[in-house]
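Hello,

Here is the structure I promised to pass on. Please open it, then read my notes below.

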Amino acid sequence: MAEDPRDFEERWREESRQMFDSSEAKKAFQNVFDHSTSKALLKLADRNVVDKVYGTIEAGKESAVFLADTPEGDRILLKIYMAQAGGFRNMKDYLRGDKRFRNVKDDRRSIIYEWTKKEFRNLKKAEKITNVPEPISVEKNILAMEFLGEDFSPYPKLKDVEIENPEEGYKQMLDRIEELWNEASLVHGDLSEYNILVDREGNSYWIDFSQGVHFTHPEAEELLKRDIENVANFFSKQGADIDPRKDWKRIISN
Ligand SMILES: Nc1ncnc2c1ncn2[C@@H]1O[C@H](COP(=O)(O)OP(=O)(O)OP(=O)(O)O)[C@@H](O)[C@H]1O
Ligand SMILES: [Mg+2]
């Protein structure tokens, strides 16, 4: 039986009061998200994934990220895709070419939900190969994952970190790109110094896997090339002497 929308309104009014850390946080959420996103958030609360929601730390074109706590008090991050996002045509092509998502329906909402699921599944695969935020749960357009940071601050991005040995840095990234390709059949698709976080010990974590595709995707080899070039550009600006084209060729010809 369909739920009476008034029941939802009432439930949202009551529960959101306790759920959001402040009225600003609630406003930030309500400003960008519709009724069905609020519903998805309540669902995550029902499933004991989310207890408290803080404000947003960053809002991009396609998604906004909110910090939150689990009922156990662990800090997590909610990446929430916006249904009205502009990049939606692009999303469709990325999905359609991926054999895992070939049957996605045509409407905007289905595409956004599949997109969110894709990032979740990419993270699940990637976590076996490399450091990524642990994916926790996905509900409609909301992806819950481990928060990589301290307190309320995410770890710095690679672009803001001092590099001691750029050649070694490049080699480590390349090895992981290659393992992801060979062992997880996956390419990140948007890898760069902006989507790599680095902790105090110097461990790096790859984030933002939404554009990742299966290596049989028609664009997969081009995406692989771009990932390698982005990483190579970054490390060569730091002084590394490297040949990304050769590395790309070697990986795809294996
Ligand atoms: N698990 C995480 N832990 C800590 N910080 C994170 C995490 N995921 C994302 N962030 C922070 O939020 C920012 C935005 O996240 P992300 O890169 O996934 O989205 P985006 O660049 O807006 O991507 P998209 O192109 O998919 O919309 C990151 O640059 C990073 O600072
Ligand atoms: Mg990003």
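**Around the ligand**

By class, the shell around ligand 1 holds eight nonpolar, five polar and five charged residues. Keep in mind that this is a predicted model. In total, 18 residues surround ligand 1. The closest are Gly60, Pro133, Leu148, Pro154 and Asp208. Three strands each supply at least two residues of this shell: strand E2 (63-69), strand E3 (75-81) and strand E5 (142-146). Both domains take part. The shell draws at least three residues from each of domain 1 (15-153) and domain 2 (155-253).

**The two domains**

The protein is divided into domain 1 (15-153) and domain 2 (155-253). Their C-alpha centres lie 24 Å apart. The contact between them takes 20 residues from domain 1 and 23 residues from domain 2. Which helix gives the most to the side of domain 1 that touches domain 2? Helix H5 (residues 108-126) does, with seven residues. By class, that side of domain 1 has eight nonpolar, five polar and seven charged residues.

**The sheet**

Next, look at the strands. Five of them form an open sheet. Their order is E1-E2-E3-E5-E4, and the pairing is antiparallel. Which strands stand at the edges? They are strand E1 (52-59) and strand E4 (135-139). Each has a single partner strand, so one side of each is left without a neighbour in the sheet. From one strand to the next, the twist averages 25°.

Now zoom in on one pair. E1 and E2 pair in the antiparallel sense over five bridges. Valine 53 stands opposite alanine 68 in E2. Helix H2 (residues 23-32) packs on the sheet and touches E1 and E2. The direction of H2 makes about 60° with that of E1.

**A helix pair**

Finally, find helix H7 (residues 220-237) and helix H8 (residues 244-253). Their axes come within 9 Å and cross at roughly 145°. Is the crossing of H7 and H8 left-handed or right-handed? It is right-handed. From H7, the residues that meet H8 are Glu221, Leu224, Lys225, Ile228, Glu229 and Ala232. Their counterparts in H8 are Pro244, Asp247, Trp248, Ile251 and Ile252. By class, this contact has seven nonpolar, no polar and four charged residues.

Best wishes

Key: Residues numbered from 1 in each chain as written. Chains lettered and ligands numbered in written order. Predicted model: local features only at pLDDT ≥ 70, side-chain atom pairs only at ≥ 80, totals over all residues. Domains from an automatic or database assignment. Contact = placed C-beta atoms within 7 Å. Helix = DSSP H or I, 4+ residues; strand = E, 2+ residues; numbered from the N terminus. Nonpolar A, V, L, I, M, F, W, Y, C, P; charged D, E, K, R; others polar. Axes fitted to C-alpha atoms, helices over the stretch in contact; angles between N-to-C directions. Left-handed = near helix turned anticlockwise from the far one by under 90°. Near = placed C-beta within 6 Å. Pairing = 2+ DSSP bridges.
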